[in-house]
Amino acid sequence: MKPISMKQKDNIWGFSIDIAIFRREVIVLFTNSKEYLMEELESVLSEDLGMESKYANDFSKVLVESLKEEEPFPLGLTYELESMDNGKEAFVIFNGTPKNVPKDVVIHEMYHAMRKICNDRGVDDEETEAYMLEYLCHEVFESIANFNKKDNKT
């Protein structure tokens, strides 16, 4: 997927974090409407985040089925799905907007994303894991700060 800055599609805000050294991405989505996300997920992945249509379709089907089971909808969720190159991609979904998701929830979910990537790549080194967690959190908080600088009213 092409790297992009945070994009808004009505009640969905998203971006991807590239972890080039591990050839993985973390797709991060914020939504204040689970139902709207389930309806628009495929187009958000393909049109807004630049994912190839086939993979956007495959990923969205699995994610929508998983989201249907989440009652009540928690503040954060991390999923791991098979990717195009037989690896796995991490999808992190936050219940809220970039302005109101608590920092501790972001850190918590980025930890899960980091662990999934490290497990997939066979990494079992605390220093590498710590740097990756730091990087993921930095990227999310930087994207949130840039979003907030644009004076978005959500």
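Which side chain of opposite charge is nearest to glutamate 89, and how far away is it? It is arginine 24, 4.3 Å away. Keep in mind as you explore that this is a predicted model. The chain has four helices and five strands, and glutamate 89 sits in one of those strands, β5.

**The chain as a whole**

- Reading from the N terminus, you meet the elements in the order β-β-β-α-α-β-β-α-α.
- Of the 154 residues in the chain, 47% are buried.
- If you take the contacts with a separation of 6 or more, 55% of them join residues 24 or more positions apart.
- The chain exposes about 8,000 Å², and carbon and sulfur atoms supply 46% of that area.

**Glutamate 89, a buried charge**

- Glutamate 89 is buried, yet it has no salt bridge.
- The reason is a matter of distance: a salt bridge needs a side-chain nitrogen of Lys or Arg within 4 Å of a carboxyl oxygen of Asp or Glu, so arginine 24, at 4.3 Å, does not make one with glutamate 89.
- The side chain of glutamate 89 does reach the backbone nitrogen of glutamate 25, at 3.0 Å.
- Leaving out residues up to four places away in sequence, glutamate 89 touches Arg24, Glu25, Ile27, Phe59, Tyr79, Glu80, Leu81 and Ser83.

**Isoleucine 27, one of its contacts**

- Isoleucine 27, which glutamate 89 touches, is found in strand β3.
- With a relative accessible area of 0%, isoleucine 27 counts as buried, because the cut-off for that word is under 20%.
- Isoleucine 27 and serine 16 are 11 residues apart along the chain, but their C-alpha atoms are separated by 4.4 Å.

**The nonpolar cores**

- In soluble globular proteins, nonpolar side chains tend to be buried together.
- Here, the largest nonpolar core has 26 residues, and those with the most contacts inside it are Val26, Val28, Phe30, Phe94, Met110, Leu136 and Val140.
- At least two residues of this core come from each of β2 (12–19), β3 (24–31), β5 (88–95), α3 (103–121) and α4 (126–149).
- Helix α3 gives the largest share of this core, with seven residues.
- For a close look at one member, try leucine 136: not counting residues up to four places away in sequence, leucine 136 touches Ile17, Ile19, Val26, Met110, Ala113 and Met114.
- Another core, of 21 residues, lies apart from the largest one, and includes Leu41, Leu45, Met51 and Leu81.
- Leu81 may look familiar, as it is also among the residues that glutamate 89 touches.

Conventions:
Residues numbered from 1 in each chain as written. Predicted model: local features only at pLDDT ≥ 70, side-chain atom pairs only at ≥ 80, totals over all residues. Heavy atoms only, no water. Core = buried A, V, L, I, M, F, W, Y, C linked by side-chain atoms within 4.5 Å. Buried < 20%, exposed > 50% of the residue type's maximum accessible area, 1.4 Å probe, protein only. Contact = heavy atoms within 4.5 Å. Areas by Shrake-Rupley, 256 points an atom, 1.4 Å probe, with all protein chains shown as cover. Lys, Arg positive; Asp, Glu negative; His and termini not counted. Polar contact = N/O pair within 3.5 Å; in protein donor to acceptor, adjacent residues only side chain to side chain.
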